[in-house]
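Hi everyone, thanks for coming along. I'd like to walk you through one structure today, so please have a look at it on the screen.

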Amino acid sequence: MTSTTREVSEERLIQARWRGMPACPACGSGRAAPIKKTTGPWSRWRCRDCRKRYAVTTGTAIHATKLPPEYWIAAVELESPATALIAQTLGVSQATARRISVLLRPARDGGPAERLRCLLRSRQESAPDRDPWQLDPLPATLHAEGSPLGGLSPGAKATLNALRARPFGATAAKLALLSGLSYSQTLRCLGVLAVRGWAERARTTVQIGYELKRVTLWTLSWSDDCMLALAFLRDRPTTPPTDTGDRVPPRFWRSFWSGAAADTLRISEHGLHIAETLVGGRDPCGRAWALGNLPIEVLEECRTLRGCDTGLRAELLDAEIARRTAQA
């Protein structure tokens, strides 16, 4: 698609939302200054009153979308907002097509103009007297049937399932990896769960490798309502982090205080050094990980080293070697 098609499509969106005159979604001012250099396919403006930046998608159902304008115009002009038809026509993935289909579903029986208004309807316009993140109260029938998950989107359920898999907290990026969602969708789902009182966040300091970093961790609230929702949540396996299995987990790097940096160590090459450091160290968690994950050949060689040939360390190594030998 050419740049002219993109400009025409965006102009159609601007006309549908603001009747051709951009207005700030934050303060409503019509005094807009166009920003000449922008990143992405969307034009942006700066409000001359509140100084905030915005695009035609800001505060709408397609807020922060990465799809260019012509894709959304093509989607609203389809005969039916079916996932397969959207994926075939626009050439996008099934996940993206499903997301577009869900957004267009309220205007399934309407024409292109109604579907376009559905996409551009802001939260403030649809619910001016309440918090834009506030959910509608659950119907009484759902309470009677004992379903506290009523009204919760599949993405929010996947995020809730990922939170359950990380009871001590996780960053939004980690939850996105576990749930299989995009980072922006995970943030929206976390906002929904926070409104319901099932999730909460806090800034804290954690040790990542050799460094202490300030991060924002999301955790379950573990309230009565949250526990009830978890009882009705279907358990789905989370996506494990990508790892070759040949490296020391970052939580044990602090044990390697001398020699090679732990982030460069590999079990296949430095197995004996790893075993000697962790089995002979003071961290019981690191010792347990080494005993359970290092190859039996490495443990047998470590058993012959000074410091690991007597006492508790020798007993632990003998027990683990015997256990693996019996299983073989």
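Let me begin with a cut-off: angles from 65 to 115 degrees between helix axes count as roughly perpendicular, those under 35 as roughly parallel, those over 145 as roughly antiparallel, and the rest as oblique. One more thing before we use it: what you see is a predicted model.

Now, how do helix 9 and helix 10 sit relative to each other? Helix 9 covers residues 172–179 and helix 10 covers residues 183–195, and their axes cross at roughly 105°. Helix 9 and helix 10 are therefore roughly perpendicular to each other. The two axes come within 9 Å. On the helix 9 side, the residues that meet the partner are A172, A173, L175, A176 and S179, while helix 10 brings Y183, T186, L187 and L190. Sorted by class, this contact of helix 9 with helix 10 has seven nonpolar residues, two polar ones and no charged ones.

Let's put a second pair beside that. Helix 2, residues 69–76, packs with helix 5, residues 112–120, at an angle of about 130°. Helix 2 and helix 5 are therefore oblique to each other, with axes 8 Å apart. From helix 2, W72, I73, A75 and V76 take part, and they meet P112, R115, L116 and L119 in helix 5. The class count for helix 2 with helix 5 is seven nonpolar, no polar and one charged.

Stepping back to the whole chain for a moment: the protein chain has 15 helices and five strands. Of the 328 residues in the protein chain, 37% are buried. And if you take the contacts with a separation of 6 or more, 53% of them join residues 24 or more positions apart.

Next, helix 3, which spans residues 83–90. Which residues of helix 3 are buried? They are I86, A87 and L90. These cover an arc of only 95° around the axis, which puts them on the same side of helix 3. Turned away from that buried side is a face with the exposed residues A84 and Q88. Helix 2, from our second pair, is part of what covers the buried residues of helix 3, and so is helix 4, residues 94–104. Right after helix 3 comes G91, with a positive phi near 75°.

That brings me to backbone angles. Most residues other than glycine have a negative phi. Where, then, do we find positive values outside glycine? R51 is one of them, with a phi of about 70°. R51 sits in the loop between strand 2 (44–47) and strand 3 (53–54), and with a relative accessible area of 54% R51 is exposed. W222 is another, with a phi near 55°. You'll find W222 in the loop between strand 5 (211–220) and helix 11 (224–232). Its relative accessible area is 39%, so W222 counts as partly exposed.

Now for a few side chains, starting with S29. Is S29 buried or exposed? S29 has a relative accessible area of 10%, so it is buried; the cut-off for buried is under 20%. It lies in the loop between helix 1 (3–18) and strand 1 (32–35). The S29 side chain has a polar contact of 2.4 Å with the side chain of D49, and it also reaches the backbone nitrogen of R31 at 3.1 Å. Leaving out residues up to four places away in sequence, S29 touches P22, A23, C24, C47 and D49.

T277 is in helix 12, residues 267–279. What does the side chain of T277 reach at 2.8 Å? The partner is the backbone oxygen of H273. Beyond four places in sequence, T277 touches S255 and F256.

Last stop: E200, in strand 4, residues 199–208. With a relative accessible area of 43%, E200 is partly exposed. E200 and L220 are 20 residues apart along the chain, and their C-alpha atoms are separated by 6.3 Å. Apart from neighbours within four places in sequence, E200 is in contact with L217, W218, T219, L220 and S221.

That's my tour. Thanks for listening, and I'm happy to go back to any part of it.

How values were computed
Residues numbered from 1 in each chain as written. Predicted model: local features only at pLDDT ≥ 70, side-chain atom pairs only at ≥ 80, totals over all residues. Heavy atoms only, no water. Axes fitted to C-alpha atoms, helices over the stretch in contact; angles between N-to-C directions. Helix = DSSP H or I, 4+ residues; strand = E, 2+ residues; numbered from the N terminus. Contact = heavy atoms within 4.5 Å. Nonpolar A, V, L, I, M, F, W, Y, C, P; charged D, E, K, R; others polar. Buried < 20%, exposed > 50% of the residue type's maximum accessible area, 1.4 Å probe, protein only. Polar contact = N/O pair within 3.5 Å; in protein donor to acceptor, adjacent residues only side chain to side chain. Arc of directions from axis to C-beta.
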